[in-house]
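Hi,

Here is the structure I said I'd pass on. Have a look at it first, and then read on for what turned up when I went through it.

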Amino acid sequence: MQPIKVLVVDDSIVFRELLVQNLSKDPAIRVVATAKDPFEARDAILAHNPDVMTLDVELPRMNGIEFLRKLMPQYPLRVVVISSLSDKVFDAMSAGAVDFVAKPAVSSRRQLEDFIRNELLVKIKIASAARIGNYKRPVITEQQYLSSSKKNLLVAIGASTGGTEAIFNVVKDYGTDIPGIVCVQHMPPGFTAMYAKRLNDQCRIRVKEAETGDRVMPGHMLIAPGGDRHMHLVKVGDGYQVEVKPGPKVNGHCPSVEVLFESVAKAAGASAVGIILTGMGGDGAKGLLSMRKAGARTIGQDESTCVVYGMPKVAYDLGAVEYQEKLSDIAGRTYALLNKM
């Protein structure tokens with residue numbers, strides 16, 4: 001198997017050299033070039049045809065987001081963004097980046113090297129197999145409506161790589177009549193609050209980062225905070241609320257889609273719709289199966305529209321997916337299922 005050809009773009013010569021040194025230690029990686037700004041990066045792309053580009057957001061002469069917006073329509077490329085804690089990463093994702101990592105605030109070279117080996121390398125390898133080219137921002141379509149008057153319905157969503165855009169693509173078509181939504185998107189700490197605010201500003205529904213005690217309410221979406229806590233759904237009286245509490249990683253993740261979906265199966269049973277979107281690995285697949293066995297209706301994103309057809313594929317192969325849909329059809333399928341409940 002040929003090594004993954006990587007282009008490193010960062011304006012710091014020290015950080016570039018650290019990236020090259022540590023990435024090159026992995027036999028599956030070959031750093032073919034480096035660049036300090038988008039203009040050097042453009043030339044390197046044409047000269048070396050890299051498989052993956054790591055891209056800093058803050059660059060001289062042209063920022064990384066503007067570069068992506070110019071690059072992707074003409075030369076689609078798998079990009080992993082390296083960013084400080086900023087909502088600019090979501091602009092990068094909407095411009096076509098596959099994934100992002102948070103640049104660590106470290107106090108030693110060893111910590112930085114650990115970050116490169118344990119986080120960035122993983123993202124590069126995942127990105128190398130990602131589907132690219134669907135960089136255009138979807139438009140909000142005409143709202144559909146919920147005809148069911150049944151109470152205590154809810155929607156549970158799980159996603160990973162490529163999920164920030166996939167989730168937006170789904171929930172942008174939900175109206176304020178949609179039952180309460182609980183969601184896990186694998187994301188570093190700090191970014192989930194910014195992502196929730198971004199969705200809240202761009203969609204009809206209300207979106208916030210979840211806290212223990214938050215009620216699950218129609219027209220509202222709760223996103224599990226990134227970090228070391230899982231989000232659980234619990235039944236309280238005639239409704240639901242969430243608990244966000246520490247726990248070990250499940251399927252390599254915290255928060256985990258598996259944990260959320262298992263709690264939804266237990267608390268909501270046949271009153272839920274489960275949706276599993278793009279992502280590497282199998283987090284949430286068994287939980288979605290538990291939901292289906294408990295009577296919930298389930299939807300999986302199809303291969304053609306996934307950035308990474310991992311989580312939905314594992315769920316489909318397990319028999320957890322009742323309907324497999326293109327991303328643009330998932331909102332419509334959600335309403336169709338809810339209207340039958």
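A quick definition before anything else: a charge sits over a ring if NZ of Lys or CZ of Arg is within 6 Å of the ring centre and within 35 degrees of the ring normal. Lys103 does this with Phe15, lying over the face of the ring at 4.7 Å from its centre. Lys235 is placed over the face of Tyr240, at 5.4 Å from that ring centre. Do keep in mind throughout that this is a predicted model.

On to the aromatic pairs. The structure has 5 of them. Take Phe90 and Phe191: their ring centres are 6.5 Å apart and the planes stand at 80 degrees, which makes the pair edge-to-face. This pair links distant parts of the chain, since Phe90 belongs to helix 4 and Phe191 to helix 7 (residues 191–202), 101 residues apart. Both ends are buried: Phe90 has a relative accessible area of 2%, and Phe191 has 1%. Another edge-to-face pair is formed by Tyr174 and Tyr335, with 6.0 Å centre to centre and 70 degrees between the planes. Tyr174 is in the loop between helix 6 and strand 7 (180–185) while Tyr335 is in helix 11 (residues 330–338), so this pair ties together parts that are 161 residues apart in sequence. Here too the rings belong to buried residues, with a relative accessible area of 0% for Tyr174 and 1% for Tyr335. There is also a cluster, in which ring pairs link Phe90, Phe100, Phe191 and Tyr195.

Next, helix 3, which runs over residues 64–74. Which of its residues are buried? Gly64, Ile65, Phe67, Leu68, Leu71 and Met72 are. They sit on the same side of the helix, because they cover an arc of only 145 degrees around the axis. That fits the usual geometry: an α-helix has 3.6 residues a turn, so residues three or four places apart point the same way. On the other side of helix 3, Arg69 and Gln74 are exposed. What do the buried residues of helix 3 pack against? Their partners are helix 2 (38–48), strand 3 (52–56), strand 4 (78–83) and helix 4 (88–94). Helix 4 is also where Phe90 of the aromatic pair is found. At the start of helix 3, Asn63 has a side-chain oxygen that comes to within 3.0 Å of the backbone nitrogen of Ile65.

Leading into that helix is Arg61, in the loop between strand 3 and helix 3. Arg61 is not a glycine, yet its phi is positive, at about 75 degrees. With a relative accessible area of 63%, Arg61 is exposed. For context, most residues other than glycine have a negative phi, and most peptide bonds are trans.

The loop between strand 11 and helix 8 is worth a visit for its backbone. Asn251, in this loop, has a positive phi near 55 degrees, again in a residue other than glycine. At 44% relative accessibility, Asn251 is partly exposed. Pro255 lies in the loop between strand 11 (239–246) and helix 8 (257–268), and the peptide bond from Cys254 to Pro255 is cis, with omega near 5 degrees. Cys254 itself is buried, with a relative accessible area of 12%.

That brings me to the cysteines. How many disulfides does the structure hold? The count is 0. Cys183 is in no disulfide, and the nearest cysteine sulfur, that of Cys203, is 11 Å away. Cys183 is buried, at 0% relative accessibility. For Cys254, the closest cysteine sulfur is that of Cys183, and at 15 Å it is too far for a bond.

Last stop: Ser160, in the loop between strand 6 (154–159) and helix 6 (163–171). Is this serine buried or exposed? With 8% relative accessibility, Ser160 counts as buried. Its side chain makes a polar contact of 2.8 Å with the side chain of His186. Setting aside neighbours within four places in sequence, Ser160 is in contact with Gln185, His186, Thr278, Gly279, Met280 and Met311.

Cheers

Terms used: Residues numbered from 1 in each chain as written. Heavy atoms only, no water. Helix = DSSP H or I, 4+ residues; strand = E, 2+ residues; numbered from the N terminus. Buried < 20%, exposed > 50% of the residue type's maximum accessible area, 1.4 Å probe, protein only. Polar contact = N/O pair within 3.5 Å; in protein donor to acceptor, adjacent residues only side chain to side chain. Contact = heavy atoms within 4.5 Å. Disulfide = S-S within 2.5 Å. Arc of directions from axis to C-beta. Phe/Tyr/Trp six-rings, centres within 6.5 Å; stacked < 30°, edge-to-face > 60°.
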